[in-house]
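Here's a quick tour in questions and answers. Take a look at the structure first.

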Amino acid sequence: MTLERNPAVLEPNKIIYTCPMHPQIQQDRPGICPICGMTLEPKTVGVGDEEERRDVNSLSRKFWIALVLTIPVLILAMGHAIPGLHLDAIVPRKVGKWIEFGLTTPVVLWAGGFFFARAWQSIVNRSLNMFTLIAVGVGAAYF
């Protein structure tokens, strides 16, 4: 829920969060912009650093876990293109596909879940944006 009011009307000691792309979107708590899906940032410099640090740490952890899960998928899917690597002798093709599915699911739904959440928000707000595009592409590739 956004407050589209003049910042002077809001309480002077409250932290105001705004969208870097749409400064007319302002609210008194962190969130996401209903127009573009970007994370709202505090207007006051230095405020909200701990929350930003938590977000960066969370995304970093998700990235590294997703990378570890993606490397075996890449090897299973593209191993036939590597000369001398005969994966079909080690992992039958049908079993390999199920392993790929099992390793890909947490990457798409857990590590990339925020793309789907923000894409849904953009659809609800009737303001399609980059998160919608990413979610459609990733969802189509996954299914």
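Q: How do the residues of the lining of the second largest pocket divide into nonpolar, polar and charged?
A: Ala, Val, Leu, Ile, Met, Phe, Trp, Tyr, Cys and Pro count as nonpolar, Asp, Glu, Lys and Arg as charged, and the others, Gly among them, as polar. In this predicted model, Phe101, Thr104 and Gly112 are among the residues that line the pocket. The split comes out as 10 nonpolar, 2 polar and no charged.

Q: Which helix gives the largest share of the lining of the second largest pocket?
A: Helices here are DSSP runs (H or I, at least four residues), numbered from the N terminus. H3 (93-111), H4 (113-124) and H5 (130-142) each supply at least two lining residues. The largest share, 5 residues, comes from H3.

Q: At what angle do H3 and H4 pack?
A: Val108, Leu109, Trp110 and Ala111 in H3 meet Gly113, Phe114 and Phe116 in H4, where contact means heavy atoms within 4.5 Å. The axes, lines fitted to C-alpha atoms over the stretch in contact, lie 4 Å apart. The packing angle is about 45 degrees.

Q: Why are H3 and H4 called parallel, perpendicular or oblique?
A: Angles under 35 degrees count as roughly parallel, over 145 as roughly antiparallel, 65 to 115 as roughly perpendicular and the rest as oblique. H3 and H4 pack at about 45 degrees, so the pair is oblique.

A note on the numbers: residues count from 1 along each chain as its sequence is written. Local features need pLDDT of at least 70, side-chain atom pairs count only at pLDDT 80 or more, totals for chains, interfaces and linings use all residues, and side-chain values use heavy atoms, leaving out hydrogens and water.

Key:
1 Å grid on protein atoms, 1.4 Å probe; cavity = no way out; pocket = protein on both sides within 12 Å on 5 of 7 lines; lining within 4 Å. Axes fitted to C-alpha atoms, helices over the stretch in contact; angles between N-to-C directions.
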